[in-house]
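Colleague: I'd like to go through this one with you, question by question. Can you put it up on the screen?

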Amino acid sequence: MTADNDEVAERVTQTPAHPVAQPVSLPQPAHGKGSASAQVHGKQHPIGMYLKAWGYLFVLSAMSYLVDYFHVEGVLRWALILTFMILKAGLIVAIFMHMAWERLSLIYAILVPPLCLGTLVLFMAIESNYTFWTRIIFFGKGP
Amino acid sequence: MTPATLTKTESAPAERGFRSLAADWSSDQEVFKQVHWGKAMMWIFLLSDTFVFSCFLTAYMTVRSSTTVPWPNPSEVFALDIGGRPIPLILIAIMTFILISSSGTMAMAVNFGYRRDRLKTTLLMLATAALGATFVSMQAFEWTKLIVDEGVRPWGNPMGAPQFGSCFFMITGFHGLHVSAGVIYLLVIASKVARGRYEQKGNYEVVEIAGLYWHFVDLVWVFIFALFYLW
């Protein structure tokens with residue numbers, strides 16, 4: 001296969017005597033070729049975009065930490081935690097994992113199956129509610 | 001059906017046994033077009049891993065909402081004394097920031113990989129691995145503190161519901177295992193990048209695939225942080 005040939009070619013062309021000097025001497029031709037191939041791949045995003053996503057993740061994490069720090073309780077606490085969680089997950093999947101630039105077939109193949117987990121969560125919520133009341137009724141409060 | 005289909009079937013290579021099975025199922029069909037096969041497979045692996053972690057988190061939800069004993073308050077359990085006063089959940093917050101930072105450096109490593117900047121890719125991947133190792137060490141510290149100082153066991157603890165320990169060790173342990181495996185994985189790929197293995201073809205997809213795994217580890221932590229530590 002071609003992959004094997006390339007590996008052999010790599011080993012032949014590589015100069016093992018200067019493993020560190022090579023990347024320094026390479027950049028000039030490598031950069032021109034790199035940007036061309038990156039355009040083919042469609043993966044060329046500015047670094048600033050990742051730094052921005054990183055910043056947002058930091059802010060969202062800090063905010064979810066502050067929810068705990070300031071002892072926000074009740075429905076507001078759960079709503080805030082879940083909102084920040086979903087926003088963070090969305091940022092990671094869409095930007096860091098490049099899902100936003102994938103083909104629709106891959107996006108659906110990966111993101112649709114986890115939706116059935118909602119059924120599992122619902123069933124287990126019903127089940128645990130049943131277990132809880134069984135324990136209260138038959139064992140009283142606490143062991 | 002038509003003679004054309006017949007001749008096509010007849011002219012198909014005579015594969016037998018499991019080879020015929022594989023040949024028939026693949027049949028030269030490609031679903032994820034222009035997607036590197038390794039990337040598609042990594043995504044499918046991550047999908048299966050999503051279900052594993054979801055099972056853990058759902059099990060945790062089930063035992064927590066069915067217990068009649070009060071659940072230990074994670075905010076107090078994971079507090080650290082800094083400067084004489086306890087700061088709630090501070091260790092976990094720092095761990096979260098470290099893991100997010102490692103995801104950021106990994107995303108940039110992938111980007112530099114596609115620019116064929118070998119040195120920066122290697123350095124950023126090593127930084128990612130270092131942050132991941134820091135995360136695991138902090139988790140080891142957290143486990144030690146909980147087991148030795150607070151007496152938390154998988155079957156019970158002094159603070160409340162006994163299920164707390166089993167959920168905690170199972171979920172964070174499995175996640176920590178993923179981080180540890182990821183650190184090794186990243187180091188292997190980083191050393192290959194450094195040796196110039198992906199230089200010739202510019203085939204830096206391997207870095208992106210490793211990145212996918214690493215971001216997934218971060219993604220799982222987002223859910224654990226929200227559902228286990230903050231809830």
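**Talking through the two chains**

Modeller: Let's start with one residue: A:Glu102 has 20 other C-beta atoms within 10 Å, so it is buried. Bear in mind that this is a predicted model.

Colleague: Where does A:Glu102 lie?

Modeller: We've just seen that A:Glu102 is buried. As for the chain around it, A:Glu102 lies in the loop between H5 and helix H6 (104-111) of chain A.

Colleague: And how many angstroms separate the C-alpha atoms of A:Glu102 and A:Ala53?

Modeller: Along the chain, A:Glu102 and A:Ala53 are 49 residues apart. In space, their C-alpha atoms are separated by 18 Å.

Colleague: Zooming out, what pattern does chain A follow along the sequence?

Modeller: Chain A has seven helices and zero strands. Of its 143 residues, 13% count as buried. Read from start to end, the pattern is α-α-α-α-α-α-α.

Colleague: How confident is the predictor about chain B and about the complex?

Modeller: For chain B, 93% of the residues score at least 70, and the average pLDDT is 88. For the complex, the predictor gives a pTM of 0.80 and an ipTM of 0.83.

Colleague: Back to chain A: are H4(A) and H5(A) roughly parallel or roughly antiparallel?

Modeller: Helix H4 (residues 47-69) and helix H5 (residues 74-96) of chain A have axes that come within 10 Å and cross at roughly 165 degrees. Angles over 145 degrees count as roughly antiparallel. So H4(A) and H5(A) are roughly antiparallel.

Colleague: Which hand does that crossing of H4(A) and H5(A) have?

Modeller: Among the residues making the contact are A:Met49, A:Ala53 and A:Leu60 of H4(A), with A:Leu80, A:Phe84 and A:Leu91 of H5(A). By class, this contact has 14 nonpolar, two polar and two charged residues. As for the hand, the crossing of H4(A) and H5(A) is left-handed.

Colleague: Now the meeting of the chains. How do the residues on the side of chain B that touches chain A divide by class?

Modeller: In total, 48 residues of chain B are in contact with 56 residues of chain A. Helix H3 (37-66), helix H5 (90-114), helix H6 (118-149) and helix H8 (205-230) of chain B each supply at least two residues of that side. By class, the side of chain B that touches chain A has 24 nonpolar, 16 polar and eight charged residues.

Colleague: H5(A) has come up already. How do H5(A) and H8(B) run, roughly parallel or roughly antiparallel?

Modeller: The axes of H5(A) and H8(B) are 10 Å apart, and the helices pack at an angle of about 180 degrees. The contact includes A:Ile81, A:Met85 and A:Phe96 in H5(A), and B:Leu219, B:Val222 and B:Phe223 in H8(B). Its residues divide into 12 nonpolar, one polar and two charged. With that angle, H5(A) and H8(B) are therefore roughly antiparallel.

Colleague: What about H7(A) and H3(B), roughly parallel or roughly antiparallel?

Modeller: Helix H7 (residues 117-139) of chain A packs against H3(B) at an angle of about 25 degrees, with axes 8 Å apart. Angles under 35 degrees count as roughly parallel. So H7(A) and H3(B) are roughly parallel.

Colleague: Which classes of residue make up the contact of H7(A) with H3(B)?

Modeller: H7(A) passes H3(B) in a right-handed crossing. Among the residues in contact are A:Leu120, A:Met124 and A:Ser128 of H7(A), and B:Ser54, B:Thr58 and B:Met61 of H3(B). The classes come out as seven nonpolar, seven polar and one charged.

Colleague: Which residues does B:Leu47 touch?

Modeller: B:Leu47 sits in helix H3 of chain B. With 16 other C-beta atoms within 10 Å, B:Leu47 is partly exposed. Leaving out residues up to four places away in sequence, B:Leu47 touches A:Ile110 and A:Pro113.

Colleague: Last one: is B:Thr122 buried or exposed?

Modeller: B:Thr122 is found in helix H6 of chain B. Beyond its neighbours within four places in sequence, B:Thr122 is in contact with B:Ala190, B:Val193 and B:Ala194. A residue with 20 or more other C-beta atoms within 10 Å is buried. B:Thr122 has 23 such neighbours, so it counts as buried.

Note on methods: Residues numbered from 1 in each chain as written. Chains lettered and ligands numbered in written order. Predicted model: local features only at pLDDT ≥ 70, side-chain atom pairs only at ≥ 80, totals over all residues. pLDDT = per-residue confidence, 0-100. Contact = placed C-beta atoms within 7 Å. Helix = DSSP H or I, 4+ residues; strand = E, 2+ residues; numbered from the N terminus. Nonpolar A, V, L, I, M, F, W, Y, C, P; charged D, E, K, R; others polar. Axes fitted to C-alpha atoms, helices over the stretch in contact; angles between N-to-C directions. Parallel < 35°, antiparallel > 145°, perpendicular 65-115°, else oblique. Left-handed = near helix turned anticlockwise from the far one by under 90°. Buried ≥ 20, exposed ≤ 12 C-beta atoms within 10 Å, placed from the backbone.
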